[in-house]
Amino acid sequence: MGFLSNLFNKKPRAEKGYTTKDGAHGVWIYLQCDKCDEKIAVRLRTTSELQKREGPDADGGPGTFFVQKTVVGSRCYQRIEALVDFDAKYNVVGSQIKNGKLITATEYKETTGNK
Ligand SMILES: [Zn+2]
């Protein structure tokens, strides 16, 4: 009894603002490099890059979908290893980032200063 209720109490909370949808089959996530602070936008194809959390992957994270990706920016050679979990609407519900961190779309735009 206790075991089951513990499982279902852990409902993933959607973090808003970490993704931007791009058309019907694209979603952007934003990463920042630990080493040089470069901000990197990564476009994911929801049809091919996002995997369903099912079978052996079902217990690996809180998401309905997840992506595992290694990203290298243009300023340094550090490899940022990202594992991001999404709910069915592609909101971020969990992430594990090595050598960097996940930032929001707003944070990404703030200091990129694209003119
Ligand atoms: Zn870097």
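Start by selecting G100 and showing what surrounds it. Leaving aside neighbours within four places in sequence, G100 is in contact with L31, Q32, C33, D34 and I80. This is a predicted model, so keep a pLDDT colouring at hand as you go. G100 itself sits in strand β8. Is G100 buried or exposed? G100 counts as buried because 23 C-beta neighbours fall inside 10 Å, and the threshold for that label is 20 or more. Now add V71 to the selection and draw a C-alpha to C-alpha distance: G100 and V71 are 9.8 Å apart in space, with their positions 29 residues apart in sequence.

**Zoom out: the whole chain**

Switch to a cartoon of the entire protein chain. Two helices and eight strands should come into view. Following the sequence, the pattern reads α-β-β-β-β-β-β-β-β-α. Of the 115 residues, 23% count as buried. For the contact-map minded: among contacts with a separation of 6 or more, 47% are between residues 24 or more positions apart.

**Colour by confidence**

Next, colour by pLDDT. The mean for the protein chain is 89, and 86% of its residues reach 70 or more. Which elements have the lowest and the highest mean pLDDT? Helix α1, residues 2–9, has the lowest at 48, while β2 has the highest at 98. Select residues 5–9 within that stretch of the chain: pLDDT stays under 50 there, and the model gives these residues zero contacts beyond four places in sequence.

**The open sheet**

Now select β4, β5, β6 and β7. These four strands form an open sheet in the order β4-β5-β6-β7, with antiparallel pairing. The edges are β4 (51–52) and β7, each of which pairs on one side only. As background, strands of a sheet pair through backbone hydrogen bonds, either parallel or antiparallel.

Walk across the sheet one pairing at a time:

- Begin at β4 and β5, which pair in the antiparallel sense over two bridges. Pick Q51 and look for its bridge partner in β5, which is F66.
- Move on to β5 (residues 65–72) and β6 (residues 79–86), an antiparallel pair with eight bridges. Keep F66 selected, since on this side F66 stands opposite D85 in β6. The two strands make a hairpin, with six residues between them.
- Finish with β6 and β7 (residues 92–98), which run antiparallel and are joined by six bridges. Select V84 here, and its bridge partner in β7 turns out to be S95.

**F86, in strand β6**

Stay in β6 and select F86. Why does F86 count as buried? The reason is its 28 C-beta neighbours inside 10 Å. Show its contacts as well: not counting residues up to four places away in sequence, F86 touches L50, G63, T64, F65, F66, N91, V92 and V93. For a longer reach along the chain, add K52: the C-alpha atoms of F86 and K52 are separated by 9.5 Å, although the two are 34 residues apart along the chain.

**The nonpolar core**

F86 also leads to the next stop. Along with I29, L31, V84, V92 and L102, F86 is among the residues with the most contacts inside the largest nonpolar core, which has 20 residues. To see where this core comes from, highlight β2 (26–33), β3 (39–45), β5, β6, β7 and β8 (100–103), the elements that give two or more residues to it. Of these, β2 gives the most, with five residues. In soluble globular proteins generally, nonpolar side chains tend to be buried together.

**Two loops with a positive phi**

Last, turn to the backbone torsions. Most residues other than glycine have a negative phi. Select D37, in the loop between β2 and β3, and check its phi: the value is positive, near 65°. Then select Y90, in the loop between β6 and β7; Y90 also has a positive phi near 65°. That loop belongs to the hairpin of β6 and β7, which has five residues between the strands.

Are these two residues buried or exposed? D37 is exposed, because it has 12 other C-beta atoms within 10 Å. Y90, by contrast, counts as buried because it has 22 C-beta neighbours inside 10 Å.

Terms used:
Residues numbered from 1 in each chain as written. Predicted model: local features only at pLDDT ≥ 70, side-chain atom pairs only at ≥ 80, totals over all residues. Pairing = 2+ DSSP bridges. Core = buried A, V, L, I, M, F, W, Y, C linked by C-beta atoms within 7 Å. Contact = placed C-beta atoms within 7 Å. pLDDT = per-residue confidence, 0-100.
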